[in-house]
Amino acid sequence: MIKIRKIPSEILTVKVKEHKKYKQKLLDAISELPFNNYHAAGVTDKKLAKSDWGLPREHPRKYLDIYYNEVIPSAMSEIIKYYKAQDWRIINSWYKTYDKDSYYPWHNHPETHFSLVYFLELPNSKFKTTIKINNKIINYKAGEGDLICFPAHLLHQSEKNKGGKKTVIVSNANIYYGVQ
Ligand SMILES: [Fe+2]
């Protein structure tokens, strides 16, 4: 027997500054990477999203240099302002590309406070990430050029993509209060 005290939680949608300026630069840098794999724990399916997840960590990723230097800092400063935190750190990041009918199954992200998803290329926002809590789909607004931030324990998925080629950059992020 457990007692439940419900507390608020949130999905933040941050508009990435100068998304249009970075979009093609980031997509070009992603396309330079060698094909890695269709990643999902325990699932092999060519309809899974394409990703650099399994490339060695030390493999150069120009898209992440751009992302970390020019995109993430202003988005994260808005996020920590909302949470009244002092600092933030990105733990790791990867891209995912969804061609026609590509999908990614329900999962969550362990060992991190938040999951971030930057919708770099999203022709139809109906096919953005689906998030659920206690089996209930949570509605939120986001489209191309937005970055969402949500608690990393929440289950999320990408349903079969029928909305044109979609590319996201995903990160795990921690936030810090006071002394670390
Ligand atoms: Fe995810």
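Begin by selecting helix α2, residues 62–83 of this predicted model, and place a distance between the C-alpha atoms at its two ends: they lie 30 Å apart, which agrees with the 32 Å that its 22 residues should span at 1.5 Å a residue. With the helix still highlighted, centre the view on Ile-72, where α2 bends by about 50°, and note that a proline, Pro-73, follows within four residues.

Next, display the side chains of the buried residues of α2, among them Tyr-63, Leu-64, Tyr-67, Val-71, Ile-72, Met-76, Ile-79 and Tyr-83. An α-helix has 3.6 residues a turn, so residues three or four places apart point the same way. Adding the packing partners of these buried residues brings in α1 (19–31) together with the strands β1 (12–15), β4 (87–98), β6 (114–121), β9 (146–151) and β11 (166–176). Just after the helix, select Lys-84, whose phi is positive, near 55°.

From that set of partners, keep β9, in which six of six residues are buried. On β1, which pairs with β9 in the antiparallel sense over four bridges, pick Thr-13 and look across to Ile-148 of β9, which stands opposite. Then turn to β6, which runs antiparallel to β9 and is joined to it by five bridges; here Leu-116 stands opposite Cys-149 in β9.

Finally, select the iron ion and show what coordinates it: the NE2 atoms of His-107, His-109 and His-156, at 2.0 to 2.2 Å. Along the sequence these donor residues follow the spacing H-x1-H-x46-H, and both His-107 and His-109 are buried.

Definitions and conventions. Residues are numbered from 1 along each chain as its sequence is written. This is a predicted model: local features need pLDDT of at least 70, side-chain atom pairs count only at pLDDT 80 or more; totals for chains, interfaces and linings use all residues. Side-chain values use heavy atoms; hydrogens and water are left out. The expected span of a helix is 1.5 Å times one less than its number of residues. The bend at a residue is the angle between axes fitted to the seven residues ending there and the seven starting there. Buried means under 20% relative accessible area, exposed over 50%, partly exposed in between (1.4 Å probe, protein chains only). Contact means heavy atoms within 4.5 Å. Donors are N, O and S atoms within 2.8 Å of the metal (3.2 Å for Na, K and Ca); water is not among the atoms, so sites may look incomplete. Two strands pair if DSSP finds at least two bridges between them.
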